[in-house]
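Visitor: Before we begin, could you show me what we are going to talk about? I would like to ask how each name is earned.

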Amino acid sequence: MEILLQLIYSGIALGMIYAVIAFGYQLTFATSDTLNFGQGEALMLGALVGLTLVDTLGVNYWLALPVVGLFGLLQGALVERIGVRPAIKIKSEFGWIMSTIALGIIFKNVAENIWGRDDLKFPSPLPEAPMKVLGANVLPMELLVIAGALVMMLAVEFFNRKTIYGKAVVATFNDRDAAKLMGINTGLVITFSYALSSLTASFAGVLIAPLTLTGATMGAVLGLKAFAVAIIGGLTSGMGIIVGGIILGVAETTTGFYISTGYKDVPGLVLLLLVLAVKPAGLFGKSAIKKV
Amino acid sequence: MNRKYVFASVIAFVLLALVPVFTHNPYYIHLVETIMIYAILLFGLDIVVGYTGQVSLGHAGLFGIGAYTAGVLFLKLGAPFWVIVPASIAVTAVFGALLALPALRVSGPYLAMVTMAFGTIIQILINEMTFLTEGPMGLKIPKPTVAGYKFDEQSFYWVVTALLALSLLVVHRVLRSQLGRAFEALRGSPVASDCMGVSVYKYKVYAFVISAGFAGLAGCLYAYSEQYISPNTYNNELTVMFLLAVIMGGRKTRMGSMLGATIIVLLPKLLDDLEMFRMVASVLAVLMLIGAIIGIARKMTTVQTMAVPVVGTAALAMFAFWLESITDWRLSIFGLMILFVVYYLQDGIVGFVRSLLSHRSRGAQMSHVAHAVDSSADPIIRAAKNGGDDVLVAKEVLMQFGGLKAINQVDLRIKRGTIHGLIGPNGSGKSTMMNVLTGIYVPTAGSIEFEGRSVVGRTSSDIALSGIARTFQNVQLFGEMTALQNVQVGLHHTFHSNFVDVALNTSRYAQEDKSATARAEGLLAFVGLADLAEEQARNLPYGKQRLLEIARALALDPQLLLLDEPAAGLTAPDIKELVSIIRKIRDHGITVILIEHHMDMVMSICDTVSVLDFGQKIAEGQPADVQANEKVIEAYLGGTAT
């Protein structure tokens with residue numbers, strides 16, 4: 001029982017990371033109907049930049065966070081400008097899928113050449129001794145991940161709902177053409193949503209890094225599973241991705257423990273296929289009415 | 001297939017088969033062999049990517065399944081070559097169906113991610129199921145032995161060549177058949193495909209299954225060719241590589257697939273050699289610069305548009321000289337290539353060359369269309385009179401979107417052999433009614449009976465096949481297909497031949513194809529488009545597109561034809577012609593429901609007119625009575641009820 005509880009705790013922490021990345025997918029999908037297939041690489045770059053700041057330059061972990069965030073913003077804007085905008089402009093059907101994948105490959109390769117191919121240990125900013133919660137062990141870092149992820153998502157939601165810039169984002173989400181006619185620079189809004197999306201991803205990277213190892217290859221599978229979360233929860237539902245993330249995270253840690261760590265990625269992906277077969281709009285999403 | 005094309009293909013294959021005679025270097029033989037194996041896979045991938053327009057990132061996984069089916073069957077059962085090849089194809093095709101069933105409920109980015117997830121699962125399973133696959137250790141499989149003869153590198157090369165030729169033939173036949181047209185149609189307009197009786201879902205799955213079959217064949221041959229397989233080969237990079245090959249070579253062409261295969265096999269070899277890469281990058285940069293200068297001088301392009309590629313290639317060349325070892329940066333260069341292809345080579349190399357050539361020889365090609373239409377045969381099949389007086393009876397139909405009642409308790413009774421007008425102001429629910437009748441929407445309440453059978457809850461394609469054809473308010477043609485092919489899609493239901501008939505070109509298929517072509521030409525002639533049969537639908541003027549939609553709908557041999565504003569955007573003489581066409585359709589016993597805003601047209605040809613306003617039926621009767629009805633006048637002109 002204690003072990004199960006412990007698995008659930010770390011599953012929730014992992015699930016929150018998925019939720020944050022999935023949240024990033026939602027942001028760009030809302031404004032532009034596109035998403036960054038290199039989202040996992042954005043996370044990986046965030047973690048590695050954080051590692052360099054903390055480990056090599058000796059910056060305090062908490063001070064490194066905003067710097068990594070800034071880096072994420074720039075990286076996301078870059079992806080949008082090189083990868084997405086030109087592809088949308090030439091009306092290529094799946095150009096942006098290919099170009100964001102390509103950028104992801106390039107980022108991964110560059111990271112391999114800068115930070116090497118080996119996985120690196122990220123020093124934990126909090127004590128590594130576990131605490132007892134309801135009789136099971138929890139790492140303080142796991143609690144930080146959960147809190148950090150929630151704060152991150154709430155901050156972006158607050159921004160979208162309460163500020164005038166956020167309202168421009170929401171307007172673009174509702175009707176891109178109408179927003180454009182109202183004088184909103186929708187191009188800028190889309191760039192901004194990508195920047196924000198990468199910001200959340202790189203932030204997630206720095207959060208998860210002390211719990212796992214950091215390396216150039218850490219992003220790909222995380223990005224894919226976060227997509228599964230986005231689909232399971234629904235691409236339009238904030239609640240959905242948190243629930244979806246937790247389901248997936250717990251499924252994964254328990255599978256890893258009770259069956260085999262080799263299979264730990266399988267339940268999430270199978271769940272993805274199942275949800276799509278049964279309810280394509282996701283557990284919490286609304287299905288759209290097609291117009292003829 | 002024209003004769004020149006066949007001749008060129010035969011020559012090419014003879015040359016290909018002669019490679020081992022000219023060079024005995026096993027390295028080169030193996031290289032060409034790999035290219036051919038990839039080409040087989042790309043033929044299949046192109047069906048999904050090029051024709052149905054779906055992105056698949058799962059083909060490396062399917063390739064792996066093919067290879068491992070071969071490996072496992074050999075290792076565990078010692079199965080012979082002639083069992084293993086069909087088994088690999090069949091097993092992979094089954095997996096293709098498994099992938100397609102959930103994945104194809106979604107499209108675009110969803111599908112891409114889902115197929116990627118599928119590929120990842122396959123890789124994990126191959127890695128983990130050690131009792132079957134030996135896991136990360138990999139499998140060894142020797143070259144096959146058939147009837148006591150053991151194939152060596154050279155003779156196996158010929159086996160691959162033969163299978164490539166066979167694959168090419170099969171793919172070619174499938175894609176020009178009704179199956180290929182169905183694949184292309186569901187890319188052009190999914191809604192219209194469904195309404196032509198071509199079930200989008202079914203044919204997407206079909207396309208995936210065929211595509212997976214080719215991937216399985218390729219995987220099996222790959223296992224024999226490499227003689228060693230391990231899970232890490234079938235990763236996501238390979239899948240992206242395949243996709244790049246299809247796009248870079250050129251979609252919807254077999255030549256493009258073969259070019260693409262050549263590029264992705266040779267590319268890593270090229271990138272292994274730094275000197276070579278430096279040279280290629282420099283030459284590329286110089287060519288790009290020269291091209292840009294010429295382009296700008298001739299005012300064909302601007303400095304701004306050329307700046308990015310020129311600077312990009314120059315930077316690549318400098319990068320090449322700065323590098324000390326290239327192997328570490330291989331993936332980055334590969335990524336840059338993808339970007340380049342996506343932005344500057346969208347139609348692939350074949351498409352690019354074609355557009356260069358057609359630039360010069362346009363006009364010469366346009367004049368060859370003069371089909372001899374057999375005027376004695378009537379292209380429209382007379383609708384059979386089965387059942388009672390009413391073709392369609394709708395009772396208390398309610399269609400609700402959230403709180404909005406788009407159709408509110410409407411009754412409709414359509415008499416056989418009449419032209420029934422459906423009019424009403426904009427937003428009164430006319431098109432919604434069409435969508436309900438054709439199964440695009442499922443009504444919230446009420447019953448609809450067509451020929452005594454309920455249509456509620458049935459799929460659009462099923463309803464279409466039972467005899468309701470339609471046109472669309474905003475034209476839904478298959479843009480990249482010719483006018484003739486558009487009509488042939490409508491004739492899809494006349495084909496009973498299956499994949500095997502098509503692949504073997506049996507007489508049944510040949511017969512059906514011949515009669516369908518003749519009927520399609522007849523139908524085009526009926527609406528006056530015979531001269532434009534070979535023109536792509538998207539290039540037709542708007543009025544002609546509407547006529548083409550009618551021809552396509554007639555191809556379904558409908559009992560009931562729904563025309564949604566057929567006269568919109570037509571000139572006065574065109575409308576006259578349209579009226580006579582509609583009358584002729586009615587004279588064939590086909591019942592017509594006509595939505596139209598041209599009142600004089602409605603009043604002149606309709607036998608009965610129903611008027612909708614705000615989702616409710618406010619009047620019905622003879623045209624003259626309806627015209628005089630106060631409620632109708634009020635709905636159209638406004639005013640207060642007294």
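Guide: First, a term for what follows: an angle between two elements is taken between their N-to-C directions and runs from 0 to 180 degrees. Keep in mind that this is a predicted model.

Visitor: What makes an angle such as the one between H17(B) and S11(B) possible, and how big is it?

Guide: H17(B) runs at about 145° to S11(B). Directions count from N to C and the scale goes up to 180 degrees, so a value over a right angle is allowed. The helix lies across S7, S10, S11, S12 and S13 of chain B.

Visitor: Which sheet do those strands belong to, and why is its pairing called what it is?

Guide: The sheet is open and has 6 strands, in the order S10-S11-S12-S7-S13-S14 of chain B, with mixed pairing. S7(B) and S13(B) run parallel, joined by 4 bridges, while S13(B) and S14(B) run antiparallel, joined by 5 bridges. Two strands pair if at least two bridges are found between them, so both of these pairs qualify. Leu422(B) stands opposite Ser610(B) in S13(B), and Val611(B) stands opposite Ala619(B) in S14(B).

Visitor: Which strands are called edge strands in this sheet, and what makes them so?

Guide: They are S10 and S14 of chain B, as each pairs on one side only. On average, neighbouring strands of this sheet are turned by 20° against each other, with direction ignored.

Visitor: How many residues lie between S13(B) and S14(B) in their hairpin?

Guide: There are 2 residues between them, and Phe614(B) in the turn has a positive phi of about 50°. Helix H26 (residues 630–637) of chain B lies across these two strands, S13 and S14, at about 130° to S14(B).

Visitor: What is the order of the 4 strands in the other open sheet, and how do they pair?

Guide: The order is S6-S5-S8-S9 in chain B, and the pairing is antiparallel. S5(B) and S6(B) pair over 8 bridges, and S5(B) is joined to S8(B) by 5 bridges. Both counts reach the cut-off of at least two bridges, so both count as pairs. Asp390(B) has Lys415(B) as its bridge partner in S6(B), and Lys395(B) stands opposite Ser447(B) in S8(B).

Visitor: Why is one side of S6 and of S9 in chain B left without a neighbour in the sheet?

Guide: Each of the two stands at an edge and has a single partner strand, so one side has no neighbour. H17(B) packs on this sheet as well, touching S5, S6 and S8 of chain B, and its direction makes about 70° with that of S6(B).

Visitor: Is H8(B) largely enclosed or open, and how do you know?

Guide: A residue is called buried if 20 or more other C-beta atoms lie within 10 Å of its own. In H8(B), residues 178–188, 11 of the 11 residues are buried, so the helix is largely enclosed by the rest of the structure. Among them are Gln178(B), Arg181(B), Glu184(B) and Arg187(B). The buried residues of H8(B) pack against H2, H7, H9, H10, H19 and H20 of chain B.

Visitor: What handedness does the crossing of H19(B) and H22(B) have?

Guide: The crossing is right-handed. The near helix is turned clockwise from the far one by less than a right angle in such a crossing, and here the angle is about 30°, with the axes 7 Å apart. Residues that meet include Ala483(B) and Val487(B) in H19(B), and Leu548(B) and Ala551(B) in H22(B). By class, this contact has 6 nonpolar, 2 polar and 1 charged residues.

Visitor: How many residues of chain A are in contact with chain B?

Guide: 37 residues of chain A are in contact with 38 residues of chain B. H4(A) gives the largest share of the chain A side, 12 residues. By class, that side has 27 nonpolar, 8 polar and 2 charged residues. For an example of contact, Ala117(B) is in contact with Leu224(A), Ala228(A), Leu269(A), Leu272(A) and Leu273(A), leaving aside its neighbours within four places in sequence.

Visitor: Which residues touch the most other members of the largest nonpolar core?

Guide: They include Ala117(B), Ala228(A) and Leu272(A), in a core of 294 residues. H10(B) gives the most to this core, with 17 residues. In soluble globular proteins, nonpolar side chains tend to be buried together.

Key:
Residues are numbered from 1 along each chain as its sequence is written. Chains are lettered from A and ligands numbered from 1 in the order in which they are written. This is a predicted model: local features need pLDDT of at least 70, side-chain atom pairs count only at pLDDT 80 or more; totals for chains, interfaces and linings use all residues. Two residues are in contact if their C-beta atoms, placed from the backbone, lie within 7 Å. Ala, Val, Leu, Ile, Met, Phe, Trp, Tyr, Cys and Pro count as nonpolar, Asp, Glu, Lys and Arg as charged, and the others, Gly among them, as polar. A nonpolar core is a set of buried Ala, Val, Leu, Ile, Met, Phe, Trp, Tyr and Cys residues joined through C-beta atoms within 7 Å. A residue is buried if 20 or more other C-beta atoms lie within 10 Å of its own, exposed if 12 or fewer, and partly exposed in between; C-beta atoms are placed from the backbone.
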